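I opened a fresh page for this one. I wanted to look up how the parts of the assembly meet.

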Number of protein chains: 2
Amino acid sequence: MAATEIAVTISDAEWRVMRIVWTLGQADSRTIIDLLEQQHDWKAATIKTLIGRLVKKGALATTKDGRQFIYTPNIDEQTAMDTALQTELDQMCAMHRGTALAHVLEQTELSRNDVQELLDVLNKKLATAPAEVACDCLPENCERSCE
Amino acid sequence: MAATEIAVTISDAEWRVMRIVWTLGQADSRTIIDLLEQQHDWKAATIKTLIGRLVKKGALATTKDGRQFIYTPNIDEQTAMDTALQTELDQMCAMHRGTALAHVLEQTELSRNDVQELLDVLNKKLATAPAEVACDCLPENCERSCE
DNA sequence: CCCTTTCGTTTACAACTGTAATCTTAATTT
DNA sequence: AAATTAAGATTACAGTTGTAAACGAAAGGG
C-alpha cells in the first residue's frame, strides 16, 4: 500500500513551511507562524495561506486538536529532497551533470560522514562508469553532438 | 566587466529551448522548432513563445540575419546548471544535503572522468570536513534540533 | 503583381505562486 | 453577556508558466 506519497510539488515558499514541520515533527499554526515570522518578512496571513495550500496538496496532514489543528508531514523530507534535486538535474544535459554535481559538492558544507557516504557511492560507481556520457539535448536521430 | 550574466531564471519549458541552443551554439527559430517538435508535443507557436520569452529575459541574444534571427546563448550552460542546482539545494535543510547528493549521485550516470572529478573534490574536502552539519530549518535562537 | 508560406509579435487564458486583507466563528477576557 | 482575540476559510491580485491561436509584414513562387 505504498503510502500515497505521490509526487506532490512544493513551491519555494512552501518549502519553508515544510522544513519547520519536518524539523519539529508536528506543529500547530501558531508555532509555524511564529518561527517563520522570525525568518522572513511574511505576514501571518501569508503563512496561513501556505499552510492551507500544503494541506490541500496533501503535503501536510491535519489532526483536530480542540479548536485548532496539528500539522504533520505527509511526505518524507529526504525523499522530497532527493526527488526535487533529481528532477532538477534530469532536465539538464546529461553530459554536464557530473561537472555540475562536482561544482555543487564543492560549494556545499558536508560532514565527514557525508563525504564518506559520497565517496562510497562513487567508488562503487567507478568500476562500471562508462568512458563518457553523451549529450542528450538533441533528438535521437540527430547526429550533432556537444563539444 | 563581468558579462551581465546576472541571475536569469529559466523555467522548465525554457530549459528545453536553451539546451538546443547551447548544444548547437547558435540556431535560427526553424531549427529550434524542428528539433523541439521531435522531442515534445509542442506546437510551433508554443516554441516561438518560449524563444520570445528567453530573448526578453536576456538568456538568448539575437543577430539579425536577413529576414530572421540567429539565436545564441547569452548565459553559460554550465553556470546555469550549477546555479540552478545550487539554488535548489540551498533551500533544503543543510543537515540532509549530503545524503540528498549521495542519493542523486547514485542515480546519475557518470563518466569515469566525472567520477574522478567528484572523488577529487571530496578528497580535498575530507581534511576539513566538520564532524557534522547542523540543521538550519529553525530560526537562530531556537534551540530545537532535527533528529 | 497576387497567393502562400514564414517569421516574429501580440493576445489569450488557465494554473500556480507570492503575498496578503478580510471574514466567520469559536474562544477568552473583562 | 459584551468585547476582544485567535484560527482557519475565503477572496484578492499581480506575475510567471505552459500552451497556443491569431495577426501583420516580409519573402518567395507563379
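My entries below go through the two protein copies first and then the two DNA strands.

**Entry 1: the model**

I am working with a predicted model. I keep that in mind for each distance below.

**Entry 2: symmetry**

I asked how chain B can be laid on chain A. A turn of 180 degrees with a shift of 0.0 Å along the axis does it, and the RMSD is 0.1 Å. I therefore noted the relation of a two-fold axis. Both copies use the same surface, since 100% of the contact residues of chain B recur in chain A.

**Entry 3: the protein interface**

I looked up the extent of the contact next. Chain B gives 65 residues and chain A gives 65 residues. About 6900 Å² is buried between chain B and chain A. Carbon and sulfur atoms carry 64% of that area. Which three residues supply more than any others of the area that chain B buries against chain A? They are B:R19, B:L85 and B:Q91, with 10%.

I then went through the polar side of the interface. The rule finds two salt bridges across it. In one salt bridge, the side chain of A:R19 meets that of B:D136, at 2.7 Å from N to O. I counted 20 residue pairs in polar contact between chain B and chain A, taking only pairs with both residues at pLDDT 80 or more.

The helices came next. On chain B, the side that touches chain A draws at least two residues from each of α1, α2 (29–39), α4 (77–90), α5 (94–107) and α6 (112–126). The largest share, 13 residues, is from α5(B). I sorted this side of chain B by class: 33 nonpolar, 16 polar and 16 charged residues.

**Entry 4: DNA strand D**

I moved on to the DNA. Around DNA strand D I found 19 residues, and A:S29, A:F69, B:S11, B:T49 and B:K57 come nearest. Of the strand's atoms within 4 Å of the protein, 57% are sugar and phosphate.

What does the side chain of A:S29 reach on DNA strand D? One of its polar atoms lies 2.3 Å from a phosphate oxygen. Two other side chains reach bases. A polar side-chain atom of A:K48 is 2.9 Å from a base nitrogen. For B:T49 the distance to a base nitrogen is 2.6 Å.

Both chains build this surface. Chain A contributes α2 (29–39), α3 (44–57) and β3 (68–73), and chain B contributes α1 (12–24) and α3 (44–57), each with at least two residues. The largest share is five residues, from α3(B). By class I get five nonpolar, five polar and nine charged residues.

**Entry 5: DNA strand C**

I repeated the lookup for DNA strand C. It has 20 residues around it, and the closest are A:S11, A:T49, A:R53, B:S29 and B:F69. Sugar or phosphate makes up 56% of the strand's atoms within 4 Å of the protein, and bases make up the rest.

I noted three contacts to phosphate oxygens of DNA strand C. A polar side-chain atom of B:S29 sits 2.4 Å away from one. An N or O atom in the side chain of B:R30 is 2.9 Å from one. B:F69 uses a polar backbone atom, also at 2.9 Å.

From chain A, α1 (12–24) and α3 each supply at least two residues of this surface, as do α2, α3 and β3 (68–73) of chain B. The largest share, five residues, comes from α3(A). The classes are five nonpolar, six polar and nine charged.

Definitions and conventions
Residues numbered from 1 in each chain as written. Chains lettered and ligands numbered in written order. Predicted model: local features only at pLDDT ≥ 70, side-chain atom pairs only at ≥ 80, totals over all residues. Heavy atoms only, no water. Near = heavy atom within 4 Å. Polar contact = N/O pair within 3.5 Å; in protein donor to acceptor, adjacent residues only side chain to side chain. Helix = DSSP H or I, 4+ residues; strand = E, 2+ residues; numbered from the N terminus. Nonpolar A, V, L, I, M, F, W, Y, C, P; charged D, E, K, R; others polar. Least-squares fit on C-alpha atoms with pLDDT ≥ 70 in both. Contact = heavy atoms within 4.5 Å. Buried area = accessible area lost by both parts, 1.4 Å probe. Salt bridge = Lys/Arg side-chain N within 4 Å of Asp/Glu carboxyl O.
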